[in-house]
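Reader: Please give a close account of one helix-to-helix contact and of the surroundings into which it fits. I should like each term explained with its cut-offs.

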Amino acid sequence: MVMNGENPANGDRSGPASGPGPGSTSGSASASGSASGDGSAPVGLRERKKRLTYQAVSDAAITMFLERGFDKVSVAEVAAAADISKPTLFRYFPAKEDLVLHRFADHEDEAARVVTGRAPDETPLDALRRHFLDGLDRRDPVTGLCDVPQVLAFLRLLYGTPSLVARLHAYQGRSEAALARALGGGLSDRLAAGQIIAVLRILAMENWRRTDAGESADRVYAGAVQAAEEAFVQLRTGLEPPSRPRG
């Protein structure tokens, strides 16, 4: 099961040695070093093998975690299931939690990439709004609006495991920092980034809460769009509610 709902070969563009990071590995890249299909540099055979191992180890780990629970599976058991040594596993994943959370690595700098890649006549907030609404329309798991059973099971594992939730905060902190840099890096940019990342997280959590409770993604969709529109209006206008006449 892949968090982004795309090619199962998606992984970490930074390579196993450096741990989880932004980017993804395209399944279209050949071992001979063809382009990865996402505009990045060609991938060599050695790097291709590393990425495949990286994905295989995570797949094995998540399967075991879903079956038995995160805290009941040891790193040694994951290494044995993946047919690698424990030290080798830690070269790919510095912490046990990274075996799960690397699925979010593709999205760690996503907001920043949306801002830097926007059209010249589009504001950062308009670009982020458009991107999130597109994600809802595509039922992107990152928006929380995805009722695929494997995705729901993954998110239950994530949000039901305190150590994973704590580790997820570090990923969100890096998302916030990347977005702040994309916005300009000043204090006002850091304040804006903090608010934006928080809004995206809360919207996704609300969508996931409803789908996890048994509502279909199609049923939740209209409400999710309305909530997103209201959230971006609030981001644009500030937190002060509109004044109302007394009486």
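Author: The crossing of H7 and H9 is left-handed, a term used when the near helix is turned anticlockwise from the far one by less than a right angle, clockwise being right-handed. This is a predicted model, in which local features need pLDDT of at least 70 and side-chain atom pairs count only at pLDDT 80 or more, while totals for chains, interfaces and linings use all residues. Residues are numbered from 1 along each chain as its sequence is written, and side-chain values use heavy atoms, with hydrogens and water left out.

Helix H7 covers residues 149–159 and helix H9 residues 187–212; they pack at an angle of about 115°, their axes 11 Å apart. The axes are lines fitted to C-alpha atoms over the stretch in contact, with angles from 0 to 180 degrees between N-to-C directions. Helices (H or I, at least four residues) and strands (E, at least two) are DSSP runs, numbered from the N terminus.

On the H7 side, Leu152, Leu155, Arg156 and Tyr159 make the contact (heavy atoms within 4.5 Å). Their partners in H9 are Met205, Trp208, Thr211 and Asp212. By class, the residues of this contact are 5 nonpolar, 1 polar and 2 charged. Here Ala, Val, Leu, Ile, Met, Phe, Trp, Tyr, Cys and Pro count as nonpolar, Asp, Glu, Lys and Arg as charged, and the others, including Gly, as polar.

H8 (162–183) also meets both helices: its buried residues pack against H4, H5 (110–116), H6 (124–138), H7 and H9. Those buried residues (under 20% relative accessible area with a 1.4 Å probe, protein chains only; exposed is over 50%, partly exposed in between) are Leu164, Leu168, Tyr171, Ser175, Ala178, Leu179 and Ala180. At 1.5 Å a residue, taken over one less than its number of residues, the 22 residues of H8 should span 32 Å, and this agrees with end C-alpha atoms 32 Å apart. Glycine 184, with a positive phi near 140°, follows H8.

H7 and H8 are among the elements that give two or more residues to the largest nonpolar core, which has 30 residues. Such a core is a set of buried Ala, Val, Leu, Ile, Met, Phe, Trp, Tyr and Cys residues joined through side-chain atoms within 4.5 Å. Phe65, Val78, Val100 and Phe104 have the most contacts inside this core. Leaving aside residues up to four places away in sequence, valine 100 touches Ile62, Phe65, Phe70, Phe154, Leu157 and Leu164.
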